[in-house]
Amino acid sequence: MSARERVVGQVANYVDERTGAAKWLKKTLTKVFPDHWSFMLGEIVLYSFVILLLSGTFLTFWYDPSMKEVEYEGSYQPLSGLKMSAAYASTLHISFDVRGGLLMRQIHHWSALIFMAAMVAHLMRIFFTGAFRKPREFNWIIGVGLLTLGILEGFLGYSLPDDLLSGTGIRIAEAIVQAVPVVGSYLSFLIFGGAFPGEMFIQRIYVVHILLLPGIFLALITVHLMLVWYQKHTQYPGPGRTEKNVVGYPLMPVYMAKAGGFFFIVFGVTAFLGAVASINPIWIYGPYNPGQIGAGSQPDWYMGWLDGLVRMAPPIEAYIFGYTLSLNIMIPGLIIPGIIFTGMALYPFIESWITGDKREHHLLDRPRNAPNRTALGAMSLTFMLVTLINGGNDLLATHFDLSINQIMWFSRIGIIVLPPLAFVITKRICLSLQRADRELVLHGKETGRLVMLPHGEFIEVHEQLSPERAYLLTQHEQLPALQANLTDESGVRNPKSLRAKVRARLSRSHAEQIAKPAASDLKELESGQH
Amino acid sequence: MSKELTPLSDPGLSEHVHRKADVDPQAAKKAERQVGILFLLSVFGTLLFVYAYVGIDEDSFIFLPVLGSTNAHQLFLGLGLAIALFFIGMAAVHWAKVLMPDHEVIDHRKEQRSKDEERDDFVATVKERSAEAGLGRRPFIKRTMLLSLGLVGISPILLLGDLGPLPGDDQKKTNWKSGTRLLTDPGDRPIRPSDLEVGGVAQVQPELAAGKVRHLDDIAKDSVLLIRIRPEEFNLDAKRLSWTYEGIIAFSKICSHMGCAVALYEQTTKHLLCPCHQSTFDVTRAAKVIFGPSARALPQLPITVDSQGYLVAKEPFSEPVGPSFWRRNK
Ligand code: HEM
Ligand code: FES
């Protein structure tokens with residue numbers, strides 16, 4: 001035993017005698033993780049969060065969350081002598097007078113964008129592969145919570161510099177709060193400590209941005225990962241992969257090296273963006289003043305959909321008993337987002353209600369094999385795409401020489417017509433992919449090689465699929481639709497018959513499939529060919 | 001649709017294919033060198049970072065294609081950091097891929113659900129222990145406990161009530177009164193009708209009582225836009241026309257939709273446009289909404305001139321300015 005081994009052994013012994021960690025660690029280090037590029041999306045979310053913690057902490061050392069009016073005396077000449085909030089002045093200070101300060105601000109902002117983008121991509125991976133099914137519904141809900149809070153956290157973050165652009169964003173958020181029926185004005189006065197913009201807002205959202213929400217993120221992310229650990233990762237289907245096993249690489253050393261290395265890669269790429277790609281140049285916008293505005297005001301992209309919805313809302317307000325109901329703000333700003341996020345959180349339960357499937361699932365679906373779900377996802381994405389297009393309508397109008405009017409009407413009609421269209425088209429595509437799979441398994445791959453048969457006819461040679469590939473294309477199960485149970489045993493009409501009918505109808509739509517080939521089909525074919 | 005058919009059989013995990021470095025010591029040696037070089041590239045990045053920190057002046061700018069004029073100090077700090085981090089990552093991943101074992105391992109799953117005996121045992125324990133606490137038998141304790149726990153939450157909520165004052169009438173009031181002078185913003189000078197040419201626009205704020213300082217809260221409600229057109233171009237009823245002065249008309253600059261500053265005036269069409277959500281208001285028709293999501297016209301400020309010929313408010317706004325709220329019309 002070398003001296004080094006002896007020291008390490010003693011330390012390990014010391015710790016284990018006090019914690020009993022050896023047994024648990026042994027299990028942990030040999031834990032198996034399946035490997036797939038799409039499993040890295042969640043990792044990017046985690047790593048960006050760590051980068052946000054590190055770069056954000058750096059920023060707190062100079063940032064001053066105060067709306068006190070100061071005169072700017074820093075080194076950025078164009079704003080010299082201007083009156084502005086201490087928050088804005090300190091952000092200028094970070095950008096121009098702290099070494100690496102601008103770099104850190106840009107890293108922080110870029111990693112916020114990557115954090116959100118990776119979260120959306122991760123969520124799409126979970127959705128389209130059905131990874132949210134039992135037993136992983138809790139993690140799905142935590143994910144939806146993280147996404148919602150992420151949007152809020154990002155919004156609060158870019159409000160902190162207190163520049164003209166972000167101040168305008170706060171003004172709009174305040175109008176949404178005011179639009180809440182009955183208590184809106186009270187809420188707004190509580191939040192702002194009086195009339196907008198007041199003198200409290202920045203210091204309040206600062207605490208939320210750097211303490212409250214990051215704390216909640218940390219807690220949610222911890223539970224999220226503990227559940228992944230405990231429930232073990234899902235895996236893509238394939239030869240040797242079943243509902244009862246996990247196939248992959250052990251944590252130590254392969255996965256540790258890959259995941260740890262990947263953290264540095266994400267950090268490196270973010271630092272590169274922070275170095276070369278300017279983002280949120282607040283010195284160009286100037287300090288916030290409610291009587292001024294910059295042209296082409298745009299929020300960060302993860303808020304853009306909300307802005308797009310608000311922009312396309314019809315100009316209606318209702319008055320009941322003399323009270324004002326701002327429908328043009330409530331519908332796009334409160335009701336539709338509420339429906340979207342609630343619907344998203346409940347989706348696992350809705351799907352299992354429709355299919356009647358209450359079993360555990362650890363093998364992922366290939367998206368084509370769940371045509372309804374995939375179509376629903378495409379439909380939601382189309383909805384979001386239309387809102388995003390409308391959120392950038394002023395930019396699109398100037399870039400493509402369109403009128404805002406045209407884009408607005410495109411969006412107002414498109415938001416109703418295009419999502420259902422996307423549903424129908426996607427479902428068809430899924431079914432034809434299934435048909436193509438069936439063909440492949442039954443008749444093999446086209447090789448493009450032609451052979452002449454003895455009697456002169458040409459046929460194309462088809463190459464048999466490998467057993468691995470054939471298994472992959474046929475391993476999924478095809479659940480039958482639920483039958484509507486409209487009458488009970490004695491033949492009396494079931495009082496819940498409407499619900500049952502709806503369920504049966506949905507279930508039928510969900511179970512629409514191209515029958516996959518079975519072993520017997522292949523045998524038949526073989527004997528037929530000979 | 002699906003009948004009970006025998007599925008194709010699972011051929012099992014595919015044969016493990018050895019990598020070059022697994023069998024050829026030469027290749028393994030080469031892979032080792034590659035990993036080492038990647039780590040060294042990271043070291044180079046850190047050196048670059050340190051060089052930028054001490055060696056590049058904070059105010060030096062360089063011109064780069066695509067990026068334009070860029071602060072060299074920040075740029076090279078960033079590039080150094082990026083290189084240092086990125087290549088640690090690349091080295092570790094490359095190491096894992098070419099040298100660490102690439103045998104797939106199989107682990108087994110068990111169902112999440114506890115076994116029936118375990119569940120029964122759990123339920124029995126909970127029942128037994130809660131019986132020991134005796135909550136079921138002592139309803140008085142149970143009720144008072146719930147009451148006290150419920151009420152104790154009131155204290156922090158009460159305290160948080162002081163986060164802000166009650167709105168009262170605050171949302172409905174501005175600093176505009178009858179006779180308040182219009183001051184240019186910026187500049188704070190009183191303004192005569194002749195200062196504004198036909199086709200011109202000016203932003204104004206109300207003159208405040210001596211000693212009162214203008215806060216952002218004031219600007220958020222008081223900002224007014226003056227626009228001058230030819231009087232015959234107005235398309236207004238008699239009352240609204242009497243609120244204008246020699247072709248000058250005054251509107252709240254705070255958008256009636258969500259409160260942005262309505263800043264874009266198009267002379268030819270005489271439209272005011274809010275850049276936030278493109279609500280468009282027709283100046284000749286008392287800022288009626290002709291496009292966009294806003295449901296109401298911009299409030300009009302009645303104006304006239306005082307004895308010295310300066311523009312003043314004739315009356316306060318007749319309605320609250322800015323976005324709607326529940327009690328707006330009360
Ligand atoms: C999920 C987490 C987070 C997101 C999405 C986020 C997002 C943002 C964004 C977009 C900005 C504006 C940056 C700019 O362009 O100037 C910002 C500013 C800021 N953030 Fe964060 N952030 C997060 C976490 C944190 C944490 C954990 C801290 C501190 C511990 C922090 C501290 C700050 C500070 C001090 C500023 C203002 C300084 C400045 O803007 O230069 N952030 N944040
Ligand atoms: S705030 Fe003016 S259009 Fe929305």
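Is His209(A) buried or exposed? Hold that thought for a moment, everyone. One thing to say up front is that what we are looking at is a predicted model. Now the reply: His209(A) has a relative accessible area of 10%, and the cut-off for buried is under 20%, so this histidine is buried.

Why start there? Let's go to the iron. The iron atom of ligand 1 has two protein donors, and His209(A) is one of them, through its NE2 atom. The other is His108(A), again through NE2, and the two lie 2.0 Å from the metal. In the chain they are a distant pair: His108(A) belongs to helix α5, residues 101-129 of chain A, while His209(A) is in helix α9, residues 201-231, and 101 residues separate them. His108(A) also counts as buried, because its relative accessibility is 17%.

What arrangement do the 6 donor atoms around the iron atom of ligand 1 make? The angles they subtend run from 87 to 180 degrees, so the arrangement is octahedral.

Let's step back to the surroundings of ligand 1. There are 25 residues around it, and those that come nearest are Arg105(A), His108(A), His109(A), His209(A) and Asn280(A). For those of you who like polar pairs, Arg105(A) has a side-chain N or O atom 2.8 Å from an oxygen atom of the ligand. Asn280(A) has a side-chain N or O atom at 2.8 Å from a ligand oxygen too. His108(A) turns up again here, with a polar side-chain atom 2.8 Å from a nitrogen atom of ligand 1.

Which helix gives the most to this shell? That would be α3(A), with 6 residues. The helices supplying at least two residues each are α3 (40-60), α5, α6 (137-159) and α9 of chain A. By class, the shell has 13 nonpolar residues, 10 polar ones and 2 charged ones.

Before I stop, a quick look elsewhere in chain A. Gln178(A) sits in helix α7, which covers residues 164-178. With a relative accessible area of 6%, Gln178(A) is buried. Its side chain makes a polar contact with the side chain of Glu174(A), at 2.8 Å.

And over to chain B. The domain assignment gives domain 1 as 20-103 + 128-161, and domain 2 as 170-329. How far apart do the C-alpha centres of these two domains of chain B lie? They are 51 Å apart.

That's my tour, so thanks for listening!

Terms used. Residues are numbered from 1 along each chain as its sequence is written. Chains are lettered from A and ligands numbered from 1 in the order in which they are written. This is a predicted model: local features need pLDDT of at least 70, side-chain atom pairs count only at pLDDT 80 or more; totals for chains, interfaces and linings use all residues. Side-chain values use heavy atoms; hydrogens and water are left out. Donors are N, O and S atoms within 2.8 Å of the metal (3.2 Å for Na, K and Ca); water is not among the atoms, so sites may look incomplete. Four donors count as tetrahedral if all angles lie between 85 and 135 degrees; four count as square planar and six as octahedral if opposite donors are over 155 degrees apart and all others between 65 and 115; anything else is irregular. Helices (H or I, at least four residues) and strands (E, at least two) are DSSP runs, numbered from the N terminus. Buried means under 20% relative accessible area, exposed over 50%, partly exposed in between (1.4 Å probe, protein chains only). A residue is near a molecule or strand if one of its heavy atoms lies within 4 Å of it. A polar contact is a pair of N or O atoms within 3.5 Å; within protein, one must be able to donate a hydrogen and the other to accept it, and residues adjacent in sequence count only if both atoms are side-chain atoms. Ala, Val, Leu, Ile, Met, Phe, Trp, Tyr, Cys and Pro count as nonpolar, Asp, Glu, Lys and Arg as charged, and the others, Gly among them, as polar. Domain bounds come from an automatic or database domain assignment.
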